[in-house]
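Please look over the sequence and the model shown below before reading on. The paragraphs that follow move from enclosed and open spaces to helix packing and then to details of the backbone.

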Amino acid sequence: MKIWTGSLVVLLVLTGPLQCQAGAVRVGTTFSQVQCEYLELDWKKIYRKTLNMGFDVVRLGAYWNRIEKKEGEFDFRELDRQMELAEECGQKIMLVVGMKAPRWPEYFLPVWLWEKVHVRNGSDISADPNVRERVPIFIEKVITRYSGSNNIIAWQVENEPFNRSGPNEWWISEEFLKKEMELVRDLDPLKRPIVLNVLSFPNKLLGFLSRLMYKKNPILATIDLAQIPAVNVYPVIGHKIWGAGICFRSEPTERISYLKGLVSYAEKRNKVLWVTELQAEPWEPGHLVYKGERAITCLPGSFMGTFEELRSAEIDAIFLWGVEYWFFRKEQYGDDSWVDVACDILEKERPDRPDARGILI
């Protein structure tokens, strides 16, 4: 076993809204204007390019701190624009709602709420009475506003809710998460499926450490609770520990065996397992956002390989994680290889899909 890890993403099988050829894998991605800002990119331009690529599904986050900057005042203009552009080109969307959303710092509480939260590091943030009061109000505003959109195929409630994450290593309790899910179901007249996701640990050392950290296995708990359970898989994860850069890596056979076990566990509960994040960007030791020229934790060829592994594990929908980084490479270094590999994957899974390379200028 080598010390390293990575990011994997699976996408859901839906009948009706998405039509793919027999045996094809549905391919999605996550777009975040937050990540574009970290990379100093124009998010509107990058979002349009993302839509032009022709993904089956794009996952968006309803970032609370950007929507309710002042208590009780909701500004949806940014998310409205994203939804409008998706609608114009017929792009299917999965919308993440709640206090956690994709990208750092994980919890996107507005500043005015942060100041009221008094929860210790490493504990259940949903135990805070201010959080318990305000989160349902925010979720209701989001669901009510977008429940009429036919482009939304699923809701994701929170992002990795059971994982301890963010600068404070908080997590969300199962009891509170169930209430959030029930609220979304009650508010959505179309009763679209609800996705819950969780970080996976194909690396044996990280898997062992996670078992020490959690009383209840967060992956099995997610599969048990979710309508559509999803895992995030990172073949290579970089961390800086005591000043030294360390990478946690899992091997292909190790990942395939691990994922097949999770697929089997889900199937026994009559559920389909998604991967909401397949690592397709670097996770370098000591870097929140890697901007250097030479990455070691992920390369274009490596995420193509991991994508094929997911196919062999009988995962039929995969979200590639890192679309913002691909365009950063293109703009900063003139490196088309990341976008090209993603386009190759899309073309292979749906040969009838237009090749996006000519319009990604």
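A cavity is a set of grid points where a 1.4 Å probe fits but cannot get out. The structure discussed here is a predicted model. When the whole structure is searched, two cavities of 30 Å³ or more are found. The second largest cavity holds about 40 Å³ of space. Its lining consists of Q33, G61, A62, Y63, R66, I67, E78 and L79. Two helices, α3 (64–67) and α4 (77–88), each supply at least two residues of this lining. By class, the lining of the second largest cavity has four nonpolar, two polar and two charged residues.

From this enclosed space the account turns to the pockets. The largest pocket contains about 1,200 Å³ of space. It is lined by 42 residues, and W104, E106, I237, H239 and W283 are the closest to its centre. Helices and strands both take part in the lining: α1 (33–38), α8 (204–213), β8 (236–241) and β10 (274–279) each supply at least two residues. Among the contributors, β8 gives the most, with five residues. The lining of the largest pocket divides into 21 nonpolar, twelve polar and nine charged residues.

The second largest pocket has about 300 Å³ of space. Of the 20 residues in its lining, G207, R211, N217, I219 and Y258 are the closest to the centre. At least two lining residues come from each of α8, α9 (218–225) and α10 (252–267). The largest share, six residues, belongs to α10. In the lining of the second largest pocket there are ten nonpolar, six polar and four charged residues. Helix α8 thus appears in the linings of two pockets, as it supplies at least two residues to the largest pocket and at least two to the second largest.

The next topic is the packing of helices. Two packed helices are described by the angle between their axes and the distance between the axes. Helix α10, met above in the lining of the second largest pocket, packs with helix α11 (residues 300–312) at an angle of about 40°, and the two axes are 9 Å apart. The crossing of α10 and α11 is right-handed. On the α10 side the contact is made by P252, R255, I256, L259 and K260, and on the α11 side by T306, E309, L310 and S312. These contact residues comprise four nonpolar, two polar and three charged.

Helix α4, which also supplies residues to the lining of the second largest cavity, is paired with helix α2 (residues 43–52). The axes of α2 and α4 come within 10 Å and cross at roughly 30°. Angles under 35 degrees count as roughly parallel, and α2 and α4 are therefore roughly parallel to each other. Their crossing is right-handed. From α2 the contact residues are W43, Y47, R48 and L51, and from α4 they are E78, R81, Q82, L85 and A86. By class, five residues of this contact are nonpolar, one is polar and three are charged. E78 has a place both in this contact and in the lining of the second largest cavity.

A further pair is formed by helix α6 (residues 129–146) and helix α7 (residues 174–187), whose axes come within 10 Å and cross at roughly 25°. By the cut-off of 35 degrees, α6 and α7 are therefore roughly parallel to each other. The crossing of this pair is right-handed. In α6 the residues V131, R132, V135, P136, I139, E140, I143 and T144 meet E175, F176, K179, E180, L183, V184 and L187 in α7. The contact of α6 with α7 holds nine nonpolar residues, one polar residue and five charged residues.

Two details of the backbone complete the account. W104, one of the residues closest to the centre of the largest pocket, is joined to P105 by a cis peptide bond with omega of about 15°. P105 is placed in the loop between β4 (92–97) and α5 (111–114). The other detail concerns E158, which has a positive phi of about 65° although it is not a glycine. E158 lies in the loop between β5 (152–157) and α7, the helix that also packs with α6.

Notes
Residues numbered from 1 in each chain as written. Predicted model: local features only at pLDDT ≥ 70, side-chain atom pairs only at ≥ 80, totals over all residues. Heavy atoms only, no water. 1 Å grid on protein atoms, 1.4 Å probe; cavity = no way out; pocket = protein on both sides within 12 Å on 5 of 7 lines; lining within 4 Å. Points joined across faces, edges and corners; volume = space filled by probe spheres on them. Helix = DSSP H or I, 4+ residues; strand = E, 2+ residues; numbered from the N terminus. Nonpolar A, V, L, I, M, F, W, Y, C, P; charged D, E, K, R; others polar. Axes fitted to C-alpha atoms, helices over the stretch in contact; angles between N-to-C directions. Parallel < 35°, antiparallel > 145°, perpendicular 65-115°, else oblique. Left-handed = near helix turned anticlockwise from the far one by under 90°. Contact = heavy atoms within 4.5 Å.
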